Every structure is written in structure tokens, then in C-alpha cells.
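Colleague: I would like a close look at a single part of this chain, set in the context of the rest of the model. Please take your time over it.

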Amino acid sequence: MTKLTERLFYRIAKRWIAGYTIEDAVNAAHDANNRKVTAILNRLGEHTPDRKLIQEYSEEYLKLLDVIQSEKIQGTISVKPSQIGLALEAPLFKSLLSKILEKAEGERRFVWIDMENSPYTEATVAAYRELLDSHKTLGMCLQANMKRTESDLKDLLPRGGKIRLVKGAYPETGEVAYKRRSDVNANYERSMNLLFEQGEFFAIATHDGKMIAEAKNLSHDHKSDFEFQMLKGIRDDLKSGLIADGFKVSEYIPYGPEWYNYSKRRMRERKRNILLLLRSITG
Ligand SMILES: Cc1cc2nc3c(=O)[nH]c(=O)nc-3n(C[C@H](O)[C@H](O)[C@H](O)COP(=O)(O)OP(=O)(O)OC[C@H]3O[C@@H](n4cnc5c(N)ncnc54)[C@H](O)[C@@H]3O)c2cc1C
């Protein structure tokens, strides 16, 4: 990518990310809180086998927890396993995550684990299953495009697993994932039903109006503790509507210089975003 293309892409990406620094993340979190939306902060970066960098990322999460506390932000953090050790060795990931969890628990903060592409799924689920016994305020993302998700839910929910349900952002093969949008949506609905039937606390993380309407219906029949989660910069109209209807809403707010891969995934999700990029290049 040339410097110019990067600058133009950043202009578009800015709607999905807070900026480069913790201060940018804090400002975006205050903005979310002012809209009665809880913030979920994520330091961008993934697939890191570099021990020094892994250490720095995990220390930044500790710092982020301090800032969330001192700035009285209503919110929490979400971490990517391959950013804090899983791309190097699973025990390192578990020990760094445990440190983050200890600090978060001292401040009564929930922690979310993002789910990455399929080479990391089994190790992430295994670590979550292990940590869940001693850390009740820990949640993990599961992806409806993955064929294994239903069985993961059936395993984790009776153990008190707290799940964020998403459609899945990574390209996967037909061996492990549903490829047709209709199959992904059908699995999202099945998984959502399981969550409302058995979930202690969970998150319906989507911008899909149909899934959100279905979740609202299910919430009438089940006394579930759940929240809606959406990404920064996407469907703000839906967020305010849900708040007005009395639902809890959180916004996932990423920040950091490593904004490119994240923004590429958001771009892929919507053709109109590509048009926006082209327009900013030509106009
Ligand atoms: C809080 C949160 C956390 C997430 N964490 C993870 C994770 O850990 N792992 C993972 O694999 N994925 C994660 N995702 C991403 C998720 O997997 C999807 O890629 C993403 O949410 C788009 O899917 P959708 O459910 O909104 O449905 P879609 O069917 O993709 O979109 C439904 C509608 O939402 C709107 N929309 C969706 N995306 C965009 C966009 N980029 N720009 C503008 N409008 C858009 C459009 O109106 C679209 O018609 C997360 C999503 C959220 C909301």
C-alpha cells in the first residue's frame, strides 16, 4: 500500500477505530458512555509470535484497565488470543490472560476474549474452558459461521460459559465453516435460541436487523441477562433505538496503529464501504 492509499484508507477506517492511542480510545469510550452505550476497548494487533511484543501488548491491557478505572469509564476490554501469546505458545497466553483477569477482577471488570481464525479456535476454547472454573467474569466470542459452534455452546453453557455470538469475520474453508450466508444465518438463529434457553449472561453481537428483532422476541419469553453488542461506527441508529427500548448495548472500540487488517475485514463486509473508499480516492 502506498502512503497516499494508506492515508485515504485511514480516512475511511477512522469511522471504525478510535485512533492510534489510548487517549483516542478513552475519548471514544466517553463518547459511547454519553450515548448510554458501554465501551469494549480493544488494542489492535494480532498473530504475534514476538515475545517482546506480546509482553508489551499484555502490559498495555493492564494500563488500559487502569485508565478505564481512573477515567470512570463504563466499560471493559476485549483481547485477541494471538496478540497475547497464543501465536507463540498456549501456556504463555494463559498466564498473561490470567494476569489481566486478576487485575480486571480487582476492579470488577468483565473481560472478553475475541475469537480469531480457525487455527486458533480449539486452543482458545480449551483455554477458556480451563479459566472459566476460576474466573466467572470472563466471556468468549463464538462464530456462527463455524460448524463446531453449536457443540461448543452445548459444552460451555452448562459450565456457566458467557458467550458473545457473532457471524464470524474470517474467511474459512467449507470443511470447518458454513460458506452460504443463509447457512450462517440459520446457525446464528439456532445458537441464539440456545443462548436464550441456557445462557447465564451473553451478548448478541450483530448489526443484522432480523437477528436483533428475533433476539428481542426471544427476550420476551426468557428472563435472560444479555446485551446487544455492535462495532464502533456501524448502525448507530440501531444502537440508540435499542437503548430507547430499554436494552443494554455495548460498542466494540478498537484502537492502535495496527488498524489495517481490522479495517480490511470491515471493508469486506460491505460493498458500499469500498465505494466510499473509491470516492475518497477520486474526489
Ligand atoms: C461487538 C462485536 C464483536 C465482534 N467480535 C468478533 C470476534 O471476536 N471474532 C470474529 O470473527 N468476528 C467478530 N465480530 C465481527 C462479526 O463476526 C461480523 O464480521 C460483523 O459483525 C458483521 O456481521 P453482522 O452480524 O453485522 O451481519 P452482516 O450480515 O454482515 O450485516 C448485517 C447488516 O449490518 C450492517 N453492516 C454489517 N457490517 C457492516 C460494515 N462493515 N459497515 C457498514 N454496515 C455494516 C449492514 O447494514 C448489513 O446489511 C464482532 C462483531 C461485533 C459486533
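Colleague: Leaving aside its neighbours within four places in sequence, which residues is Y255 in contact with?

Modeller: This is a predicted model, and what follows should be read in that light. Leaving aside the neighbours within four places in sequence, Y255 is in contact with I17, A18, G19, Y20, T21, D24, A25, R43 and L44. Y255 itself is found in strand β8, which covers residues 249-255, and it counts as buried because 26 other C-beta atoms lie within 10 Å, where 20 or more are needed for that class. Not every part of the chain is close to this residue: the C-alpha atoms of Y255 and S191 are separated by 30 Å, with their positions 64 residues apart along the chain.

The division of the chain into domains gives this strand its setting. Domain 1 is made of two stretches, 1-17 + 259-283, whereas domain 2 runs over 29-255, and the C-alpha centres of the two domains lie 24 Å apart. To the contact between them, domain 1 brings 7 residues and domain 2 brings 8 residues; on the side of domain 1 that touches domain 2, the residues are, by class, 4 nonpolar, 1 polar and 2 charged.

The ligand belongs to the same picture, since both domain 1 and domain 2 give residues to the shell around the ligand, so it lies between them. That shell holds 23 residues, and the closest are D114, V166, T206, H207 and Q229. Two or more residues of the shell come from each of β4 (138-143), β7 (225-231) and α10 (259-269), with β7 giving the largest share, 3 residues. Sorted by class, the residues around the ligand are 10 nonpolar, 6 polar and 7 charged.

For comparison with the buried Y255, helix α6 and residue E71 may be useful. In α6, residues 149-156, the buried residues are T149, D152, L153 and L156; they cover an arc of only 100° around the axis, which puts them on the same side of the helix. S151 and K154 are exposed on the other side of α6, while the cover over its buried residues includes α5 (121-132), β4, β5 (162-166) and α7 (181-198). E71, for its part, has its place in the loop between α3 (51-70) and β2 (75-79), and it counts as partly exposed because it has 15 C-beta neighbours inside 10 Å. From C-alpha to C-alpha, E71 and I243 are 23 Å apart in space, and in sequence they are 172 residues apart.

Taken as a whole, the chain has 11 helices and 8 strands, and its radius of gyration is 18 Å, close to the 19 Å that the globule rule gives for 283 residues, so the chain is as compact as a globular protein of that length. Along the principal axes, its C-alpha atoms fill a box of roughly 50 × 40 × 40 Å. Of the 283 residues, 41% are buried, and among the contacts with a separation of 6 or more, 71% are between residues 24 or more positions apart. Returning to the part you asked about, the contacts of Y255 include I17 and L44, and Y255 stands in strand β8.

Technical notes. Residues are numbered from 1 along each chain as its sequence is written. This is a predicted model: local features need pLDDT of at least 70, side-chain atom pairs count only at pLDDT 80 or more; totals for chains, interfaces and linings use all residues. A residue is near a molecule or strand if its C-beta atom, placed from the backbone, lies within 6 Å of it. Helices (H or I, at least four residues) and strands (E, at least two) are DSSP runs, numbered from the N terminus. Ala, Val, Leu, Ile, Met, Phe, Trp, Tyr, Cys and Pro count as nonpolar, Asp, Glu, Lys and Arg as charged, and the others, Gly among them, as polar. Domain bounds come from an automatic or database domain assignment. Two residues are in contact if their C-beta atoms, placed from the backbone, lie within 7 Å. The radius of gyration is taken over C-alpha atoms; the globule rule is 2.2 Å times the number of residues to the power 0.38. A residue is buried if 20 or more other C-beta atoms lie within 10 Å of its own, exposed if 12 or fewer, and partly exposed in between; C-beta atoms are placed from the backbone. The arc is that of the directions from the helix axis to the C-beta atoms.
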